[in-house]
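Here is a quick tour of a model, written to be read with the structure open beside it. Keep the viewer handy as you go.

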Amino acid sequence: MRKLVLFIAILSLVGCMKKEVKFGDENLELKGTKLYYKDKLFTGFITQEVPFTDKIIKVEYVNGVIKTEK
């Protein structure tokens, strides 16, 4: 029983972690106005390095749409 509870706890932590994918990944696809990753609505961060600088652009998506501050 303890192993089952531990397995479920670990599975929920891994499932809730947000993905971080580099811009240009072949698994990313824009369909209409929604972003998909491996044919599922994308939730996580898209990152892109800015050439000739040390900066990284990071954009958060929730269910295929850019997350905006309210």
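## How far to trust it

Start with the weak spot: over residues 11-17 the pLDDT (the predictor's confidence in each residue, from 0 to 100) stays under 50. For that stretch the model has zero contacts beyond four places in sequence, a contact being heavy atoms within 4.5 Å. Across the chain, pLDDT averages 82, and 76% of the residues score at least 70.

This is a predicted model, so local features need pLDDT of at least 70 and side-chain atom pairs count only at pLDDT 80 or more, while totals for chains, interfaces and linings use all residues. Residues are numbered from 1 along each chain as its sequence is written, and side-chain values use heavy atoms, with hydrogens and water left out.

## The three-stranded sheet

Strands here are DSSP runs (E, at least two residues), numbered from the N terminus, and two of them pair if DSSP finds at least two bridges between them. One open sheet runs E2-E3-E4, with antiparallel pairing. E2 and strand E4 (40-41) sit at the edges with a single partner strand each, so one side of each is left without a neighbour in the sheet.

Strand E2 (residues 28-31) pairs with strand E3 (residues 34-37) over four bridges, in the antiparallel sense, and Leu 30 stands opposite Leu 35 in E3. The two strands make a hairpin with two residues between them, and Gly 32 in the turn has a positive phi of about 65°. On to E4: E3 pairs with E4 over two bridges, again antiparallel, with Tyr 37 opposite Lys 40.

## The four-stranded sheet

The other open sheet has the order E1-E5-E6-E7, and its pairing is mixed. Strand E1 (19-22) and strand E7 (65-66) are the edge strands, each pairing on one side only. E5 and E6 pair in the antiparallel sense over six bridges, and Gln 48 stands opposite Ile 57 in E6.

There's a salt bridge to look at here too (a side-chain nitrogen of Lys or Arg within 4 Å of a carboxyl oxygen of Asp or Glu). Glu 20 bridges to Lys 58, with the closest N and O atoms 3.3 Å apart. That pair links distant parts of the chain, with Glu 20 in strand E1 and Lys 58 in strand E6, 38 residues apart. By this rule the count comes to three salt bridges.

## The largest pocket

A pocket is an open set of points on a 1 Å grid over the protein atoms alone, where a 1.4 Å probe fits, with protein on both sides within 12 Å along at least five of seven lines; lining residues have an atom within 4 Å of a point. The largest pocket has a volume (the space filled by probe spheres set on the points) of about 160 Å³.

Its lining includes Phe 23, Asp 25, Leu 35, Gln 48, Ile 57 and Tyr 61. Strand E5 (44-49) and strand E6 (56-62) are the elements that give two or more residues to this lining. By type, the lining residues split into seven nonpolar, three polar and one charged; Ala, Val, Leu, Ile, Met, Phe, Trp, Tyr, Cys and Pro count as nonpolar, Asp, Glu, Lys and Arg as charged, and the others, Gly among them, as polar.
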